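Trainee: Please take a single part of this model and go through it closely. Set out the surroundings first, and give the cut-offs for each term as it comes up.

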Amino acid sequence: MARYAVCNRHGNNAPELGPPDEHGQGVGLIGTLHPDSQTVGFYLGSYKVFIDYIFWHRAYVADEYRLFLFDSNSLERLVLEQNTTEEDIVTFFRMVR
C-alpha cells in the first residue's frame with residue numbers, strides 16, 4: 001500500500017499565490033513537517049520558492065507514492081503528478097480561494 005504525502009498552504013493571513021516582484025523577491029517561506037510525517041505545511045511564502053519546492057518534492061518522491069496539494073481552507077485536492085504544471089497549481093489555488 002502506498003503512503004500518502006501531502007503539501008498544503010496554511011493560514012488566512014498567507015499572501016495570495018502570485019508571481020514574485022520584479023526583483024524575484026517574495027516574503028520568505030516557512031515550512032513544517034507535521035507529526036504524521038506525511039504532511040508538509042507552508043505558512044508564508046515566496047511564490048517561486050513554493051512552486052520550486054512542489055516540483056522538487058514530486059521529483060524526489062517515487063511515483064508509487066501519491067502526492068496531493070491542498071489549501072487548509074478547502075476540501076479540494078490537486079493530485080501532483082510528474083506532468084503537473086505551474087499553471088495547474090495556480091489554477092487550483094484560484095479555484096479554492
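Mentor: Helices (H or I, at least four residues) and strands (E, at least two) are DSSP runs, numbered from the N terminus. On that basis the chain has 2 helices and 5 strands, in the order β-β-β-α-β-β-α from the N terminus on. The model is predicted, so local features need pLDDT of at least 70 and side-chain atom pairs count only at pLDDT 80 or more, while totals for chains, interfaces and linings use all residues. Residues are numbered from 1 along each chain as its sequence is written, and side-chain values use heavy atoms, with hydrogens and water left out.

Of the 97 residues, 36% count as buried (under 20% relative accessible area; exposed is over 50%, partly exposed in between; 1.4 Å probe, protein chains only). Among contacts (heavy atoms within 4.5 Å) with a separation of 6 or more, 52% join residues 24 or more positions apart.

The part I would look at is helix 2, residues 86-96. Its buried residues are Ile89, Val90, Phe92, Phe93 and Val96. They lie on the same side of helix 2 because they cover an arc of only 160° around the axis (taken from the directions from the helix axis to the C-beta atoms). The face turned away from that buried side carries exposed Arg94 and Met95. Met95 counts as exposed because its relative accessible area is 54%. The C-alpha atoms of Met95 and Ser74 are separated by 9.7 Å, with their positions 21 residues apart along the chain.

Two residues of the buried side, Ile89 and Phe93, belong with Phe50 and Leu69 to the four that touch the most other members of the largest nonpolar core, which has 17 residues (a set of buried Ala, Val, Leu, Ile, Met, Phe, Trp, Tyr and Cys residues joined through side-chain atoms within 4.5 Å). Helix 2 gives two or more residues to this core, as do strand 3 (39-42), helix 1, strand 4 (66-71) and strand 5 (77-80).

Helix 1 (residues 47-60) also holds Arg58. Arg58 is buried yet has no salt bridge, and Asp63, the nearest side chain of opposite charge, is 4.1 Å away (the bridge needs a side-chain nitrogen of Lys or Arg within 4 Å of a carboxyl oxygen of Asp or Glu; Lys and Arg count as positive, Asp and Glu as negative, His and the chain ends not at all). A polar atom of the Arg58 side chain does lie 3.0 Å from the backbone oxygen of Leu80.

Key: A polar contact is a pair of N or O atoms within 3.5 Å; within protein, one must be able to donate a hydrogen and the other to accept it, and residues adjacent in sequence count only if both atoms are side-chain atoms.
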